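Work through the exercises below with the sequence and the coordinates at hand, and attempt each task before reading its solution.

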Amino acid sequence: MNKRGEHFNSALLAIVLSISVVSLAFLSENRSLTGFVAYEEQEFVPVSPNLLVFDNVDSLSTLSAGNYYIDGNGIVYWADDSSMPAIARVSSIAESQENRKIHIDNEGNVGYLLE
């Protein structure tokens, strides 16, 4: 009887811990990002002075579907082209969004890319 109670308590603890981790991840999620995608490293080219200007990372959802890179200055590069052209600039960017790779899907959802 004692082992059965220990097993039940251990299982209950594991369930509570799993629910807590999932809840914490859900509550702390950055609402401007919808997911993660794997991506490989590429080099970047100089910036053109004629760029589209967006208020924040959420507004990038209007860009074509594909992979992009946002540098520390808010310059957005199109990563699907081997020349990595700069196509836009983000006016307001959080430090956590700098130097990040993103993916925009066909529905306009923006998500970080995993390296």
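**Exercise 1: Overall architecture**

Describe how much of the protein is buried and in what order its secondary structure elements follow one another.

Solution. Begin with burial: in this predicted model, buried residues account for 28% of the 115 residues in the protein. Next, count the elements, which come to one helix and seven strands; read from the N terminus, they run α-β-β-β-β-β-β-β. Then turn to the contacts between residues at least 6 apart in sequence, of which 63% join residues at least 24 apart. Finally, consider the surface, where the protein exposes about 7,800 Å², with carbon and sulfur atoms supplying 56% of that area.

**Exercise 2: A residue of the helix**

Place Val 16 in the secondary structure, classify its accessibility, and state which surface patch it helps to make.

Solution. Val 16 lies in helix H1, which spans residues 2-27. Its relative accessible area is 45%, and because this value falls between the 20% and 50% cut-offs, Val 16 is classed as partly exposed. Together with Phe 8 and Leu 12, Val 16 makes a nonpolar surface patch of about 290 Å².

**Exercise 3: A residue of a loop**

Locate Asp 81, decide whether it is buried, partly exposed or exposed, and relate its position to that of Tyr 68.

Solution. Asp 81 sits in the loop between strand S4 (75-78) and strand S5 (86-90). With a relative accessibility of 27%, Asp 81 counts as partly exposed, since buried would require a value under 20%. As for Tyr 68, it is separated from Asp 81 by 13 residues in sequence, while the C-alpha to C-alpha distance between the two is 9.7 Å.

Notes:
Residues numbered from 1 in each chain as written. Predicted model: local features only at pLDDT ≥ 70, side-chain atom pairs only at ≥ 80, totals over all residues. Heavy atoms only, no water. Helix = DSSP H or I, 4+ residues; strand = E, 2+ residues; numbered from the N terminus. Buried < 20%, exposed > 50% of the residue type's maximum accessible area, 1.4 Å probe, protein only. Contact = heavy atoms within 4.5 Å. Areas by Shrake-Rupley, 256 points an atom, 1.4 Å probe, with all protein chains shown as cover. Patch = residues over 30% accessible without salt bridge, like charges linked within 9 Å, V, L, I, M, F, W, Y side chains within 5 Å. Salt bridge = Lys/Arg side-chain N within 4 Å of Asp/Glu carboxyl O.
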